[in-house]
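This report introduces one protein chain to a reader who has not met it before. It begins with the overall fold and then turns to a few individual residues.

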Amino acid sequence: MTAERVCSVADLEQDMPLRVDPGGVAITVIKDGEGVIHAIGDTCTHGEISLSEGFVEGDTVECWAHGSAFSLTTGVPQNLPAYEPVPVYVVEIDGDDVLIDPTVTKEV
């Protein structure tokens, strides 16, 4: 599979998660406070909760249901109850387009 357009950079508000589904894979896209765009798996590994409904603080997104915060760069949970990481995807920017290939994850 190749990277596909999931949104435009203009669609992303700082620290506001956006759920996208390239190739049927649920991914949360977040533009952090420094303007860096991240893409991580949308489903909390502790429960079937969408991280796109969570809260962004610094370089983490927190699951609203149980409070586990996941690193935007590594996917690793920073606290319990989650202990398994979520996948982190490669983000490409082409002009104003945000592109993600849901089959390519970052090696962290």
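Strands are taken here as DSSP runs of at least two residues marked E, helices as runs of at least four residues marked H or I, and both are numbered from the N terminus. On that basis the protein chain, which is a predicted model, follows the pattern β-β-β-β-β-β-β-β-β when read along the sequence. The secondary structure therefore comes to nine strands and zero helices under this definition.

**Overall form**

The C-alpha atoms of the protein chain fill a box of roughly 40 × 30 × 20 Å along the principal axes. A compact globule of 108 residues would have a radius of gyration near 13 Å, and the protein chain, with 13 Å, agrees with that expectation. Of the 108 residues, 44% count as buried. Among contacts between residues at least 6 apart in sequence, 38% join residues at least 24 apart.

The accessible surface of the protein chain comes to about 5600 Å², and 48% of this area belongs to carbon and sulfur atoms. The protein chain carries 4 positive and 20 negative charges, and the mean positions of these two groups are 5 Å apart.

**Two cysteines without a disulfide**

How many disulfides does the structure hold? The structure holds zero disulfides. For cysteine 44, the nearest cysteine sulfur is that of cysteine 63, at 3.9 Å, and a disulfide would need the two sulfur atoms to lie within 2.5 Å, so this pair does not count as one. Cysteine 63, for its part, is likewise in no disulfide, with the sulfur of cysteine 44 as its nearest cysteine sulfur. Cysteine 44 is buried, with a relative accessible area of 3%, and cysteine 63 counts as buried at 0% relative accessibility.

**A buried valine in a strand**

Valine 61 has its place in strand β6, which covers residues 60-62. Is valine 61 buried or exposed? Because its relative accessibility is 0%, valine 61 counts as buried. Leaving aside neighbours within four places in sequence, valine 61 is in contact with several residues, including Pro17, Ile30, Ile40, Leu51, Phe55, Phe70 and Leu72. Isoleucine 40 is 21 residues from valine 61 in sequence, and the two C-alpha atoms are 9.6 Å apart in space.

**Residues in the loops**

Aspartate 15 lies in the loop between β1 (4-8) and β2. Its phi is near 60 degrees, a positive value in a residue other than glycine. Aspartate 21 is found in the loop between β2 (18-20) and β3 (27-31). The C-alpha atom of aspartate 21 is separated by 9.3 Å from that of aspartate 42, although their positions lie 21 residues apart along the chain when counted as sequence separation. Further along, proline 81 occupies the loop between β7 (69-71) and β8 (89-94), and the peptide bond that leads from leucine 80 to proline 81 is cis, with omega near 15 degrees.

**Accessibility side by side**

The table sets out the relative accessibility of residues discussed above.

| Residue | Relative accessibility | Class |
|---|---|---|
| Cysteine 44 | 3% | buried |
| Cysteine 63 | 0% | buried |
| Valine 61 | 0% | buried |
| Aspartate 15 | 25% | partly exposed |
| Aspartate 21 | 41% | partly exposed |

The classes follow from the cut-offs, because buried means under 20% relative accessible area, exposed means over 50%, and partly exposed is what lies in between.

Terms used. Residues are numbered from 1 along each chain as its sequence is written. This is a predicted model: local features need pLDDT of at least 70, side-chain atom pairs count only at pLDDT 80 or more; totals for chains, interfaces and linings use all residues. Side-chain values use heavy atoms; hydrogens and water are left out. The radius of gyration is taken over C-alpha atoms; the globule rule is 2.2 Å times the number of residues to the power 0.38. Buried means under 20% relative accessible area, exposed over 50%, partly exposed in between (1.4 Å probe, protein chains only). Contact means heavy atoms within 4.5 Å. Accessible areas come from the Shrake-Rupley method with a 1.4 Å probe; for residues, only the protein chains shown count as cover. Lys and Arg count as positive and Asp and Glu as negative; His and the chain ends are not counted. The place of a charge is taken as NZ of Lys, CZ of Arg, CG of Asp or CD of Glu.
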